[in-house]
Amino acid sequence: TNLHLWRRGVDATIFHPRYRQDQMRVKYGIESEYVLTYVGRLAAEKDLDVLMEIAHQLPDPIKNNVHWLIVGDGPLKEELQQTKTTNMTFTGYLESEPLAEVYSGSDLLVFPSRTETFGNVVLESFACGTPVIGAHAGGVKEIISHEQTGILCPPGQTDTFIEAIVNLLCDKNSLRIFGTRARTYAQSQSWGKIFDQLMDDYQDAIYGQQGQRYA
């Protein structure tokens, strides 16, 4: 085929797992054992109703040991804050190192949105060594390797997301392995490697056309 897909990359020098978790925990007053995070626009198209159902319906042994960080801003912010669980903090919009610090200090990124064309937050989370539980839809399903770097769930199926969260949080060895694989994948998608591949693709296209022209 003469079609090449140019993917977006991630800055693996900013998004990495080497941030101090204790600083993030102090900043957001986190005492729970686990940190679950959502990053993205706070808008209806992100399936945030599913996210809130997940937060409210987690079984008590997990729910009582989890702190949620909701990173982002948008038209649903006030409504979500009114229905939030007691163990949920809204950080507002974050970027660069403060955002990477949150990814790095989280156990899982939970991303139920079914409308992502790419899902850059998934790649950022991976770069910080944090696995992702996401919807099997859009660009997200192209990034997450199911049961290798994260879990893909049918869009909108709250019970499946909950099951995936519980299973991974209760299996710290798998959680660690998933995180290592996720970081390795993200490093292969750094901007430097993306541009190197782009240049190779251009050269293939140019020399390929010349070869056909003069054949």
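The questions and answers below go through the terms used for this predicted model.

Residues are numbered from 1 along each chain as its sequence is written, and side-chain values use heavy atoms, with hydrogens and water left out. Local features need pLDDT of at least 70 and side-chain atom pairs pLDDT 80 or more, while totals for chains, interfaces and linings use all residues.

Q: How many helices and strands are there in the protein, and what makes a run count as one?
A: There are 10 helices and 6 strands. Both are DSSP runs numbered from the N terminus: helices are H or I with at least four residues, strands are E with at least two.

Q: What makes Phe 15 and Tyr 103 an aromatic pair, and which kind?
A: The structure holds 3 aromatic pairs. In one of them, the ring centres of Phe 15 and Tyr 103 are 6.0 Å apart and the planes are at 65°. Rings of Phe, Tyr and Trp (its six-membered ring) pair if their centres lie within 6.5 Å; planes under 30 degrees apart count as stacked, over 60 as edge-to-face and the rest as tilted. The pair of Phe 15 and Tyr 103 is therefore edge-to-face. Phe 15 sits in the segment before helix H1 (21-28), Tyr 103 in helix H5 (residues 96-105), and these positions lie 88 residues apart in sequence.

Q: Are Phe 15 and Tyr 103 buried or exposed?
A: Both residues are buried. The cut-offs are under 20% relative accessible area for buried, over 50% for exposed, and in between for partly exposed (1.4 Å probe, protein chains only).

Q: Why is the pair of Phe 126 and Tyr 185 called edge-to-face?
A: The planes of Phe 126 and Tyr 185 are 85° apart, so they pass the edge-to-face limit, and their centres are 6.3 Å apart. Phe 126 belongs to helix H6 (residues 120-127) and Tyr 185 to helix H9 (residues 172-187), 59 residues apart.

Q: What burial class does each partner of this pair have, Phe 126 and Tyr 185?
A: Phe 126 has a relative accessible area of 0%, so it is buried. Tyr 185 is at 25%, so it counts as partly exposed.

Q: What makes a set of residues a nonpolar core, and which members of the largest one touch the most others?
A: A nonpolar core is a set of buried Ala, Val, Leu, Ile, Met, Phe, Trp, Tyr and Cys residues joined through side-chain atoms within 4.5 Å. The largest has 65 residues, and Leu 36, Trp 68, Val 122, Ile 133, Ile 165 and Leu 169 touch the most other members. Helix H8 (residues 158-169) gives the largest share, 7 residues.

Q: Which residues is Ile 165 in contact with, beyond its neighbours within four places in sequence?
A: Contact means heavy atoms within 4.5 Å. Ile 165 is in contact with Leu 36, Ile 54, Leu 58, Trp 68, Leu 108, Val 110 and Ile 133.

Q: Why is helix H2 called oblique to H8?
A: The axes of H2 (residues 48-57) and H8 cross at roughly 55° and come within 9 Å. Axes are lines fitted to C-alpha atoms, for helices over the stretch in contact, with angles from 0 to 180 degrees between N-to-C directions. Angles under 35 degrees count as roughly parallel, over 145 as roughly antiparallel, 65 to 115 as roughly perpendicular and the rest as oblique. The angle falls in none of the named ranges, so H2 is oblique to H8.

Q: Which residues of H2 and H8 meet?
A: Val 50, Glu 53, Ile 54 and Gln 57 in H2 meet Thr 158, Asp 159, Phe 161, Ile 162 and Ile 165 in H8.

Q: Why is Gly 156 called partly exposed?
A: Its relative accessible area is 31%, so Gly 156 is partly exposed. Gly 156 lies in the loop between strand S6 (150-153) and H8. Leaving aside neighbours within four places in sequence, Gly 156 is in contact with Val 50 and Arg 114. The C-alpha atoms of Gly 156 and Val 50 are separated by 6.1 Å, though their positions lie 106 residues apart along the chain.

Q: What burial classes do Asp 47 and Glu 147 have, and why?
A: Asp 47 is at 8%, so it counts as buried. Glu 147 is at 48%, so it counts as partly exposed. Asp 47 has a positive phi of about 60° although it is not a glycine. Phi of Glu 147 is near 60°, also positive.

Q: Why is Glu 31 called exposed?
A: Its relative accessible area is 78%, so Glu 31 is exposed. Glu 31 lies in the loop between H1 and S1.
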